[in-house]
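Hi,

Here is the structure I promised to pass on. Have a look at it first, and then read my notes below.

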Amino acid sequence: MNLRLRILTVLAAMTVFGFGDVRAQDSAIPLGSPMPALDARLTDGSGNATTLGARRGATYTAVLFWGNKCPWTGRYEDRIKLLGSELSGPGKVILLINSNDSAAFPAEAAPASAQYAAEKGLTIPYLADPDSKVARAFGATRTPQAFVFDSAGTLVYSGAIDDSPGDPDNVSKDYLRDGLTVDLYFWF
């Protein structure tokens, strides 16, 4: 199907399913774009090199830019742990990526990120983007910031995790969860 038609269909579905008021965060990549930086070097918690291309899911891939010391990501820790336990699995990939400058902020380095993930009980892979190439390719400007790609590696959502960063009890729009659970392509 024509890419432009797919994008319009996704946007229409987002309106029908209650995503119409989503205020997407700034992003260098528009909806319908392919996943960027597939070959950029990332590091896992053990110091092993990997790439987005190697980690991509067959059903979907959600990439969340994260930080160890960011007060906003701290407010989302429990929600992301739950999301990871409920929605990760074969072909369904959720990744946290820390692109913060580890030279300027040692508490954001890969070993510190691995320790942070262990202390917080995060089971979602937490990867370091040591030269920030991935963040720049995505146009990520804040933490947390979410990007969801479909099975074809096409961007179908970028923006906030939900509409209540400060208080999980006041969430009325769970953008990321909805983007991962609603099959926007059911008519294809």
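**Starting from Leu 87**

Let's begin with Leu 87, which has its place in helix 3. One thing to keep in mind throughout is that this is a predicted model. Is Leu 87 buried or exposed? Its relative accessibility is 12%, so Leu 87 counts as buried. If you set aside residues up to four places away in sequence, Leu 87 touches Tyr 60, Lys 92, Ile 94, Arg 177, Leu 180 and Thr 181. Thr 181 is a nice one to click on: Leu 87 and Thr 181 are 94 residues apart along the chain, yet 8.1 Å separates their C-alpha atoms.

**The whole protein**

Stepping back, the protein has six helices and seven strands. Read from the N terminus, the order is α-β-β-α-β-α-β-α-β-α-β-β-α. There are 188 residues, and 46% of them count as buried. The long-range pairing seen at Leu 87 and Thr 181 has a counterpart in the overall numbers: among contacts with a separation of 6 or more, 75% are between residues 24 or more positions apart. As for the surface, about 9000 Å² is exposed, with carbon and sulfur atoms supplying 54% of that.

**Helix 3**

Back to the helix that holds Leu 87. Helix 3 covers residues 71-87, which makes 17 residues. How far apart should its ends be at 1.5 Å a residue? The expected span is 24 Å, and the end C-alpha atoms are 24 Å apart, so the two agree. Even so, the helix has a kink of about 50°, centred on Glu 77.

Glu 77 is also among the buried residues of this helix. The others are Thr 73, Tyr 76, Arg 79, Ile 80, Leu 83, Gly 84 and Leu 87. That spacing is worth a thought: an α-helix has 3.6 residues a turn, so residues three or four places apart point the same way. What do the buried residues of helix 3 pack against? Their partners are strand 3 (60-65), strand 4 (92-98), helix 4 (110-120) and helix 6 (175-181).

Gly 74 sits in helix 3 too, but Gly 74 is partly exposed, at 33% relative accessible area. Its C-alpha atom is 10.0 Å from that of Thr 143, although the two residues are 69 apart in sequence. Also have a look at Arg 75, which lies over the face of Trp 72, 4.3 Å from the ring centre.

**The aromatic rings**

How many aromatic pairs does a search of the whole structure find? It turns up five. In one of them, Phe 65 and Phe 138 have ring centres 5.3 Å apart and planes at 70°, so this pair is edge-to-face. Phe 65 belongs to strand 3 and Phe 138 to helix 5, so the pair ties together parts that are 73 residues apart in sequence. Both of these phenylalanines are buried. They also form one aromatic cluster together with Phe 147 and Phe 149.

**Ser 99 and its surroundings**

Phe 65 comes up again at Ser 99, a residue in the loop between strand 4 and helix 4. Ser 99 is buried, with a relative accessible area of 12%. Apart from its neighbours within four places in sequence, Ser 99 is in contact with Phe 65, Trp 66, Asp 129, Ser 132 and Ala 135. Thr 143 is 44 residues away from Ser 99 in sequence, and their C-alpha atoms are 9.5 Å apart.

**Some backbone oddities**

Most residues other than glycine have a negative phi, and most peptide bonds are trans. Which spots in this model depart from that?

- Ser 132, one of the contacts of Ser 99, has a positive phi near 60°. Ser 132 lies in the loop between strand 5 (126-128) and helix 5, and counts as buried at 17% relative accessibility.
- Ala 37 has a positive phi as well, about 55°. Ala 37 is in the loop between helix 1 (3-16) and strand 1 (42-43), and is partly exposed, with a relative accessible area of 22%.
- The peptide bond from Thr 143 to Pro 144 is cis, with omega near -10°. Pro 144 is in the loop between helix 5 (133-138) and strand 6 (145-149).

Enjoy exploring it!

Note on methods. Residues numbered from 1 in each chain as written. Predicted model: local features only at pLDDT ≥ 70, side-chain atom pairs only at ≥ 80, totals over all residues. Heavy atoms only, no water. Helix = DSSP H or I, 4+ residues; strand = E, 2+ residues; numbered from the N terminus. Buried < 20%, exposed > 50% of the residue type's maximum accessible area, 1.4 Å probe, protein only. Contact = heavy atoms within 4.5 Å. Areas by Shrake-Rupley, 256 points an atom, 1.4 Å probe, with all protein chains shown as cover. Expected span 1.5 Å × (residues − 1). Bend = angle between axes of the 7 residues up to and from the residue. Phe/Tyr/Trp six-rings, centres within 6.5 Å; stacked < 30°, edge-to-face > 60°. Lys NZ or Arg CZ within 6 Å of the ring centre and 35° of its normal.
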